[in-house]
Amino acid sequence: MRADQSDVMKRVQLLIREKITVASFAQAPGERVIKTLKDAGILTMPTIGARRHAEKVQAWGVDAVIAQGQEGGGHTGQIPTSILIADVSAAVDIPVVGAGGFRDGRGLVAALALGGEGIAMGTRFLLTQDSQVPDHVKQVYLDTKANGTIVTKAVDGHPQRVIRTFLIDQLEKANPLTRFPRAALNALSLMKVTGTSLPELLEEGMAMKQNQELTWAQLAMAANAPMLTKASMVDGRVEAGILPTGQIAGVIEEIPTVAELLQRIIAEAEETLERLGA
Ligand SMILES: Cc1cc2nc3c(=O)[nH]c(=O)nc-3n(C[C@H](O)[C@H](O)[C@H](O)COP(=O)(O)O)c2cc1C
């Protein structure tokens with residue numbers, strides 16, 4: 001879940017109604033969200049990118065944290081995974097799940113060595129046969145080099161790692177004077193691609209404006225970002241231009257099933273532990 005969604009409490013109620021067991025968040029959600037989920041017996045596991053955020057959410061009573069380093073996909077922080085897992089696991093008592101740049105059993109063992117309890121993967125699971133992302137979109141990820149991604153604030157005001165597409169390049173290049181008209185025009189023309197109405201766009205935008213300091217240019221873009229991401233990733237309209245990814249995409253070359261992937265990771269982790277004499 002994203003913590004800044006205008007309807008986040010409605011989504012929380014849906015999780016409770018459907019008896020979902022674990023809720024995870026792209027950013028630290030408010031204390032009220034955590035409390036409501038906890039009272040309903042749902043485990044909470046926010047993703048954090050800095051030690052102080054881990055300490056803050058631990059004080060709110062979360063059950064675990066996902067410590068995602070800067071190489072990870074989607075919204076991401078500035079601290080590399082190897083530094084972050086060690087720092088966070090020394091600072092909190094709850095389980096720390098490492099994320100950002102993992103794809104195999106060697107990485108799993110490395111995360112355990114750094115003090116983590118396990119790993120979470122995004123990009124690696126996206127590139128499996130079981131993932132419902134259209135095949136031609138998966139191919140764009142397979143073709144991406146390790147230096148073909150960028151962390152940009154141009155999408156919604158928060159640093160987000162994405163594939164460097166034409167849209168992202170245009171937004172990055174725009175100067176502050178032309179950025180707002182460009183972003184506004186983008187948002188309006190892309191409404192057709194995403195099938196979003198103007199009131200929906202405004203509602204999304206105003207919720208985001210309340211939650212963070214955005215310029216009007218960022219706001220225009222940000223309001224449309226979730227729909228653009230959906231158009232790119234779910235509907236397969238890659239021209240919509242927002243393809244969140246981890247840097248690990250640059251070294252992933254095949255599309256296994258999830259079952260094959262997990263068996264492989266377990267075997268690699270055991271081999272690695274044996275090689276290290278553990
Ligand atoms: C396409 C994509 C969409 C993502 N969307 C979300 C999201 O909505 N909420 C969230 O908490 N994390 C999201 N993430 C982050 C992943 O949950 C995970 O933490 C991250 O991908 C780990 O880094 P990795 O890609 O190197 O494995 C997304 C990642 C990708 C690649």
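These questions and answers concern the ligand and the largest pocket of a predicted model.

Reader: What makes the pair formed by Thr123 and the ligand a polar contact?

Author: A polar contact is a pair of N or O atoms within 3.5 Å. A polar side-chain atom of Thr123 lies 2.5 Å from an oxygen atom of the ligand, so the pair counts as a polar contact.

Reader: What makes the backbone atoms of Gly73 and Gly101 count as well?

Author: The cut-off is again 3.5 Å. For Gly73, a polar backbone atom is 3.3 Å from an oxygen atom of the ligand. For Gly101, the distance from a polar backbone atom to a ligand oxygen is 2.7 Å. Both values lie within the cut-off, so both pairs are polar contacts. Of the 600 Å² of accessible area that the ligand has on its own, the protein covers 76%.

Reader: Which residues come nearest to the ligand?

Author: There are 16 residues around the ligand, and Ala26, Gln68, Gly101, Gly122 and Thr123 come nearest.

Reader: How do you know which classes make up the shell around the ligand?

Author: Asp, Glu, Lys and Arg count as charged, and the shell has no charged residues. Seven of its residues are nonpolar and nine are polar. Gly is counted as polar, so Gly101 belongs to the polar class.

Reader: Where does the ligand sit?

Author: The space taken by the ligand is the largest pocket, which holds about 1,400 Å³ of space. Its lining has 49 residues, with Arg2, Ala26, Gly74, Thr229 and Pro244 closest to its centre.

Reader: Which element gives the largest share of that lining?

Author: Helix α11 (216-233) does, with six residues.

Notes: Residues are numbered from 1 along each chain as its sequence is written. This is a predicted model: local features need pLDDT of at least 70, side-chain atom pairs count only at pLDDT 80 or more; totals for chains, interfaces and linings use all residues. Side-chain values use heavy atoms; hydrogens and water are left out. A residue is near a molecule or strand if one of its heavy atoms lies within 4 Å of it. A polar contact is a pair of N or O atoms within 3.5 Å; within protein, one must be able to donate a hydrogen and the other to accept it, and residues adjacent in sequence count only if both atoms are side-chain atoms. Accessible areas come from the Shrake-Rupley method with a 1.4 Å probe; for residues, only the protein chains shown count as cover. On a 1 Å grid over the protein atoms alone, a cavity is a set of points where a 1.4 Å probe fits but cannot get out, and a pocket is an open set with protein on both sides within 12 Å along at least five of seven lines; lining residues have an atom within 4 Å of a point. A molecule sits in a cavity or pocket if more than half of its atoms lie within 2 Å of its grid points. Grid points are joined across faces, edges and corners, and a volume is the space filled by probe spheres set on the points. Helices (H or I, at least four residues) and strands (E, at least two) are DSSP runs, numbered from the N terminus.
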